[in-house]
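Visitor: I would like to go through the charged side chains here and hear the reasoning behind each label.
Guide: Then let us start with the structure itself.

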Amino acid sequence: MHADHVHATAGPPGAWTALRGPSARSRPARPSGAAPARGTAGRGPGTGGPPRGRLPGGQGGLRALHARARRAWDRPLTAYYLILGGSLLITVLGLVMVYSASQIKALQNGLAPTYFFRKQLLAAAIGTALLLVAARLPVKVLRALAYPLLAVSAFLLVLVQVPGIGETINGNTNWISLGGPFQAQPSEFAKLALVLWGADLLARKQHKKLLTQWKHLLVPLVPVTFVLLGLIMVGGDMGTTVVLTFVLFGLLWVAGAPTRLFAGVIGVTGALAVLFIKTSANRMSRLDCIGATDPGANDQCWQAVHGIYALANGGWFGAGLGASVEKWGELPEPHTDFIFAITGEELGLAGTLSVLALFAALGYAGIRVAGRTEDPFVRYAAGAVTTWITAQAVVNIGAVLGLLPIAGVPLPLFSYGGSALLPTMFAIGLLIAFARDEPGARAALAMRQPGVRWKTMRRRVKKRPSGER
């Protein structure tokens, strides 16, 4: 924020004194029991009038608070701390809720109560290492990784459909066994691949000034994305297909696609989505469960309805951590797709609103990073990552609330699942790296180093003349 803007919002230094009134140091002492000074009667506390120099109704305090909030939001490191702190809090709270929501499920399967929690904790540790690596990688290295990652993701998506290699879970064939209890879902890594490859492609075309032509804006971005969507849909994973489609829309939107072109892509994608839904009885039944309050004749809406029951049981502040009733076999997938419902039951409305606030802060910070950078690749990548995380969170939470059909996607950084957690934490590392490169952010971080701060403070101290005490 420029200095002139700050002064226009907060007022000149003298205005602060006028709003607060004269300081206690400038007021003359008055003996006990003496009458108030002339002209001040009726202006003190309890005398019926507002203090001198203050705006009625606390308007001065509100303006000061608003000015302080704007200065805080405009600081160079605001996005950096929001991304780092928000993602850390979501991940830690997710570990706590995975431990609470998965114990009964583990016991029902004859496993140790901490089985799912230990696997998620291991994935979080590996994801933290990936986050730190992503936060330190130069942009040139990230762009060099784009094409190999896309090729590997496409190969793994094809490999999933090979009999004997791909595994089917809950009707979807999109898993590859890694041996023992570990599995991988290539479609989750396809999201990261599309983000990096799409950002690199659009950045190179912008450098050559080709994005003003619609064919260069769409080709090969849209055809390659449709190939990935087709490979994922062969396995029946409609939820990941929706999220990947949102990533495509995010890239086109940040690239400045004309409204006509944008609407055309949305129309084609919507028509394909309707076709896929109409040709599947399972997907049609999920549409029928939107807003359902009864499980139905064949219990087809059992999961949706019991998700609402869990939220209703939580009330304002929840039944207490570990005290959920729905996780005792009533609510399917309590530690994955419907972990938000268990969070509402155990932590109440306060807990769910806290999770929503953390995702909102993360989304705001990502948008700010994309809007302030001058590097086209950083702009496209930050916009795509922000679209990915926020869209997936909306799809998951909307399904739990009964506002959207159940898509089978996890809540980012929160739900159980290492295949979803690892690429998401790598993407968060990208946002952290981009936020550190915001204008003024790198200098502000350098000033926070102890050595730099000490040297700066020593420079500011003036030498006293000899003999001065």
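**Charged pairs and an unpaired acid**

Guide: In this predicted model, K327 and E346 form a salt bridge, with their closest N and O atoms 3.2 Å apart.

Visitor: Why is the contact between K327 and E346 called a salt bridge?
Guide: The cut-off is 4 Å between a Lys or Arg side-chain nitrogen and an Asp or Glu carboxyl oxygen. The closest N and O atoms of K327 and E346 are 3.2 Å apart, so the pair qualifies.

Visitor: Where in the chain do K327 and E346 lie?
Guide: K327 sits in the loop between α13 (302-314) and α14 (339-372), and E346 in helix α14. They are 19 residues apart, and the pair links distant parts of the chain. Both residues are buried.

Visitor: How many salt bridges does a search of the whole structure find?
Guide: The search finds four. One of them joins the side chains of R143 and D200, at 2.7 Å from N to O.

Visitor: What parts does the pair of R143 and D200 tie together?
Guide: R143 belongs to helix α6 (residues 139-160) and D200 to helix α7 (residues 186-207), so the bridge ties together parts 57 residues apart in sequence.

Visitor: How do you know whether R143 and D200 are buried or exposed?
Guide: Buried means under 20% relative accessible area, and exposed means over 50%. D200 has 5%, so D200 is buried. R143 has 25%, which lies between the two limits, so R143 is partly exposed.

Visitor: Which residues are linked with D200 in a network of salt bridges?
Guide: R143 and R204 are linked with D200 in that network. R204 forms a salt bridge with D200, where the closest N and O atoms are 3.2 Å apart. R204 and D200 are four residues apart in helix α7, so about one helical turn separates them. R204 is partly exposed, at 32% relative accessible area.

Visitor: Why does D237 have no salt bridge?
Guide: The nearest side chain of opposite charge, K191, is 7.1 Å away, and the cut-off is 4 Å, so the two do not count as a salt bridge. D237 is nevertheless buried, in the loop between α9 (221-234) and α10 (238-254).

Visitor: What polar contact joins the side chains of D237 and N174?
Guide: It is a contact of 2.9 Å, and the limit for a polar contact is 3.5 Å, so the label holds. The D237 side chain also reaches the backbone nitrogen of G239 at 3.5 Å. Leaving aside residues up to four places away in sequence, D237 touches N172, N174, Q185, S187 and I232.

Note on methods
Residues numbered from 1 in each chain as written. Predicted model: local features only at pLDDT ≥ 70, side-chain atom pairs only at ≥ 80, totals over all residues. Heavy atoms only, no water. Helix = DSSP H or I, 4+ residues; strand = E, 2+ residues; numbered from the N terminus. Buried < 20%, exposed > 50% of the residue type's maximum accessible area, 1.4 Å probe, protein only. Lys, Arg positive; Asp, Glu negative; His and termini not counted. Polar contact = N/O pair within 3.5 Å; in protein donor to acceptor, adjacent residues only side chain to side chain. Contact = heavy atoms within 4.5 Å.
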